[in-house]
Structure formats: structure tokens, C-alpha cells
Amino acid sequence: MSEKKVRVAVNGYGVIGKRIADAVAAQPDMELAGVADVVSDWRIRVAVAKGYSVFGSTPEAADAMRAGGVRVAGTLDDLLERVDVVADATPKNGAAANLLRYRAAGVKSVFQGGEKHELAGHSFVAQANYATALGRDATRVVSCNTTSIVRTLGALRAAGLLKRARGVLVRRATDPWESDHGGVLNTVVPERRIPSHQGPDAQTVIPDLDVVTVAVVAAHTISHLHSWSVEMPRQASRDEVLAAFRAAPRIAFLRADRGIVALNSTVEMMSDLGRPRGDMWEVGLWEDTLSVIGSEAFYNYQVYNQAIVVPETIDAIRALTELEPDGSRSIAKTDQALGIVRDFVG
Ligand SMILES: NC(=O)c1ccc[n+]([C@@H]2O[C@H](COP(=O)([O-])OP(=O)(O)OC[C@H]3O[C@@H](n4cnc5c(N)ncnc54)[C@H](O)[C@@H]3O)[C@@H](O)[C@H]2O)c1
């Protein structure tokens with residue numbers, strides 16, 4: 001294994017950025033050079049308390065941080081001088097200007113799913129297309145829902161068990177820390193467009209997927225639920241379908257008959273397992289609910305939206321910087337460093 005450590009910056013220390021920062025710090029082959037943001041409140045103060053070097057994403061933000069008593073190491077431009085790659089987790093649709101800034105500094109960049117495929121010209125899910133990201137200057141880790149779709153349908157496809165797939169997505173209304181900002185209360189809001197964007201977005205990673213998604217937003221904050229109906233090219237047994245999921249990385253089984261009956265059960269279990277922030281990086285797929293009728297498979301799974309893209313971002317960093325040429329080895333390194341499992345019910 002190479003001794004070289006890749007130096008990483010995180011720009012945007014919010015829900016996703018703070019998790020990426022911790023995940024980078026946990027990798028033996030990466031060094032977190034610093035995090036940048038525009039806020040001066042508790043969020044960035046936590047980064048200082050954790051011992052991370054903090055930078056203002058703009059000169060004004062750095063000044064405001066200093067004025068507010070935050071220990072600031074400089075501006076984003078100073079941080080970019082010290083790194084090989086930046087993970088951009090700024091709010092969606094704001095990254096086009098950032099990409100120019102990163103390129104001007106000669107720094108590679110990984111964006112998140114709020115951005116369009118066209119921004120980087122490459123969309124990433126490690127198990128599907130690590131190799132095509134090798135050495136690129138930028139990629140986009142697809143959104144939480146899209147990541148789960150590529151992981152699960154990619155698994156069925158690899159096993160020759162996928163003809164077409166139709167999924168209903170019950171989305172969380174907002175992230176827990178933002179529940180005071182507003183949200184959906186005591187209702188369910190169907191998205192106005194069918195197909196919803198997640199199916200087409202999955203095709204940015206696997207172009208020939210026959211997939212349609214329908215999405216609704218529900219009045220809860222704790223993660224998304226997907227319910228899928230898959231037509232297979234032939235009749236298959238339940239065991240074959242389960243084996244296909246088991247063979248793929250980052251899909252872990254849940255069981256209702258062991259008390260994991262709803263999204264909140266899993267959230268509680270992740271906390272009890274001592275996971276950072278109660279995160280579930282895996283797709284949590286209900287093993288005992290999965291059923292096969294002839295050549296059709298039906299199953300439900302949970303997407304912990306705040307965490308699922310974090311391991312993919314770590315792999316994207318390795319791919320862009322060519323720190324690890326082999327995707328499955330990168331996945332194994334990331335999973336070991338984070339504590340990702342194949343089964344929660346053991
Ligand atoms: N929240 C989720 O569940 C989730 C899941 C998957 C992907 N994503 C994607 O991740 C990206 C980030 O989303 P998030 O939920 O972490 O957002 P967030 O609002 O929680 O965090 C964004 C952070 O960026 C900071 N910021 C704002 N403007 C900035 C600027 N100009 N320069 C630097 N920092 C700036 C904000 O202060 C905040 O700390 C988006 O593309 C989003 O679509 C979010």
C-alpha cells in the first residue's frame with residue numbers, strides 16, 4: 001500500500017460536509033487539511049473544538065469568524081494551496097463558481113448530488129463506476145436516494161436479475177437539525193412530476209437502467225423509505241435475490257421479525273451501536289419482507305440520507321487522486337475505517 005497521504009479540504013461544513021470531514025480524518029491514507037464555511041455560529045465552533053483547522057470560504061466570512069472569536073486559519077484560497085482535492089458540500093446549485101476556483105488552484109473536486117451531472121460531467125457511485133473516475137479532475141457523488149438506487153439495482157443487474165424497476169420513495173420533509181426552519185406537518189405531499197428525478201439521475205451512472213421513480217414527501221425528519229417492484233428477466237427464487245444483494249457492498253439487512261419495524265427502530269439501533277451521529281451508511285434492506293412472485297421481486301429499504309453519500313465521497317477522493325486504482329479495494333478500505341457492515345441482525 002502506498003505511504004502517500006492525500007490532503008483533503010472540505011468546503012461547506014453542514015449536514016454532509018461535517019460527516020465527510022470526520023470520515024476523511026478516519027482514513028489512514030488521507031489527511032484533513034481543513035474545513036471552510038461562511039458561518040460563524042456553533043456549527044463552525046464545533047469544528048474548532050474537534051481540532052480541525054477552520055477557514056472562511058470568503059474573505060468576509062473569515063473576517064466575521066475572527067470578529068466572532070472563532071480561531072481562523074485563513075481563507076478558502078489559503079486552504080486550497082495546501083490540498084490535492086476538495087470535497088464541496090455547499091448548498092445545492094452553488095458550485096459552478098466554486099469549480100472554477102478549484103480548477104484555478106489546480107485542486108481536484110468532488111461535488112454532491114444537489115449539483116447537476118453536467119457540472120463535473122461525471123456522476124459517481126463507487127461500486128458502479130469507480131474506474132471511470134480515475135484521474136479525473138472532478139466528479140459528482142449522486143444524491144442519497146440515487147446512491148441507494150444504483151447500489152440496489154446495480155446489485156440485481158450484476159446478478160442478471162434486472163429487467164425493469166419501479167420504485168416509490170417516501171422522503172423525509174427536512175433534516176432533523178433544520179426542523180425549526182419549517183417543513184411538512186400532518187400531511188403527505190406527492191411530487192408533481194412523474195417520474196421523479198431520482199430514476200433519471202441513476203441513469204447518469206448506469207445509462208441503460210430501465211427505472212421509474214415516484215416520490216412523496218412525508219411529515220417526518222428521520223430518513224427515506226423506498227418501496228420497490230422489480231421485474232426480472234426470468235423466474236428466480238427469493239434466495240437468489242437476497243444473494244444478489246448480499247454480494248454487493250453497502251447493502252445491509254434489517255429484519256422486522258427482530259423488532260426493526262420502522263425507520264425509527266433503525267435510527268435507535270444505529271445510536272445504540274455507537275455509530276457517530278447515529279449514522280447508517282448502508283442501504284438498510286428488510287430481508288424478511290422481501291418477496292418474489294414468479295419473475296417479480298418486491299422489497300423495502302431505508303436510506304439514511306445524511307450519511308449514505310459519505311463513503312462514496314471518500315472513494316471518489318481516492319479515484320480522482322488515483323490513490324487506489326482498484327474500486328473494490330477502495331470500498332474495503334473506506335468500509336473498514338468507518339465500520340460499515342453487511343448485516344445488522346447477525
Ligand atoms: N442533507 C442531505 O440529506 C443530503 C444528502 C445527500 C446529498 N446532499 C447534498 O449535499 C450538499 C450539501 O447539502 P447539506 O444538506 O449538507 O447542506 P447544509 O445546508 O446542511 O450545509 C451546507 C453548508 O455550506 C455552507 N455554505 C453556504 N454557502 C457557502 C459558500 N458560499 N461557501 C462555503 N460554504 C457555504 C453552509 O453554511 C452550510 O454549513 C447538497 O448538494 C445536497 O443536495 C444532501
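**A walk from a pocket to the ligand and beyond**

The second largest pocket in this predicted model has a volume of about 150 Å³. It's lined by 13 residues, and the ones closest to its centre are Gln127, Gly154, Ala155, Ala158 and Ala248. Three helices each give two or more residues to that lining: α7 (126-133), α8 (144-158) and α10 (238-247). Of the elements involved, α8 provides the largest share, with five residues. If you sort the lining of this pocket by class, you get ten nonpolar residues, two polar ones and one charged one.

Let's stay with helix α8 for a moment, as Arg151 sits in it. Is Arg151 buried or exposed? Arg151 is buried, because its relative accessibility is 0%, and the cut-off for buried is anything under 20%. The side chain of Arg151 has polar partners to look at. One is the side chain of Glu312, which makes a polar contact of 2.6 Å with that of Arg151. Another is the backbone of Arg250: its oxygen lies 3.1 Å from a polar atom of the Arg151 side chain.

Now move over to the ligand. Which residues come closest to it? Of the 20 residues that surround the ligand, the closest are Val15, Ile16, Asp37, Asp175 and Asn305. By class, this shell holds eight nonpolar residues, nine polar ones and three charged ones.

You can follow some individual atom pairs here, too. The side chain of Asn305 has an N or O atom 2.7 Å from an oxygen atom of the ligand. Gly114 takes part through its backbone, where an N or O atom lies 3.1 Å from a ligand oxygen. With Arg172 it's the side chain again, and there an N or O atom is 3.5 Å from an oxygen atom of the ligand. As for how much of the ligand is covered, on its own it has 830 Å² of accessible area, and the protein covers 81% of that.

Next, have a look at the backbone in a few loops. Asn186 lies in the loop between β9 (164-171) and β10. Its phi is near 60°, which is a positive value in a residue other than glycine. Asn186 counts as exposed because its relative accessibility is 75%, and exposed means over 50%.

Further along the chain, Glu322 gives you another case of a positive phi in a residue that isn't a glycine, this time about 55°. You'll find Glu322 in the loop between α12 (309-321) and α13 (327-338). How exposed is Glu322, and what is its relative accessible area? The value is 52%, so Glu322 is exposed.

There's a loop to visit between β10 (189-190) and α9 (198-202) as well, and that's where Pro195 is placed. The thing to spot here is the peptide bond from Ile194 to Pro195: it's cis, with omega near 0°.

To finish, go to strand β14 (residues 283-286), the home of Leu285. Leu285 has a relative accessible area of 0%, so this residue is buried. From Leu285 you can also take a line across to Thr321, 36 residues apart along the chain. The C-alpha atoms of Leu285 and Thr321 are separated by 32 Å.

Terms used:
Residues are numbered from 1 along each chain as its sequence is written. This is a predicted model: local features need pLDDT of at least 70, side-chain atom pairs count only at pLDDT 80 or more; totals for chains, interfaces and linings use all residues. Side-chain values use heavy atoms; hydrogens and water are left out. Helices (H or I, at least four residues) and strands (E, at least two) are DSSP runs, numbered from the N terminus. Buried means under 20% relative accessible area, exposed over 50%, partly exposed in between (1.4 Å probe, protein chains only). A residue is near a molecule or strand if one of its heavy atoms lies within 4 Å of it. A polar contact is a pair of N or O atoms within 3.5 Å; within protein, one must be able to donate a hydrogen and the other to accept it, and residues adjacent in sequence count only if both atoms are side-chain atoms. Accessible areas come from the Shrake-Rupley method with a 1.4 Å probe; for residues, only the protein chains shown count as cover. Ala, Val, Leu, Ile, Met, Phe, Trp, Tyr, Cys and Pro count as nonpolar, Asp, Glu, Lys and Arg as charged, and the others, Gly among them, as polar. On a 1 Å grid over the protein atoms alone, a cavity is a set of points where a 1.4 Å probe fits but cannot get out, and a pocket is an open set with protein on both sides within 12 Å along at least five of seven lines; lining residues have an atom within 4 Å of a point. Grid points are joined across faces, edges and corners, and a volume is the space filled by probe spheres set on the points.
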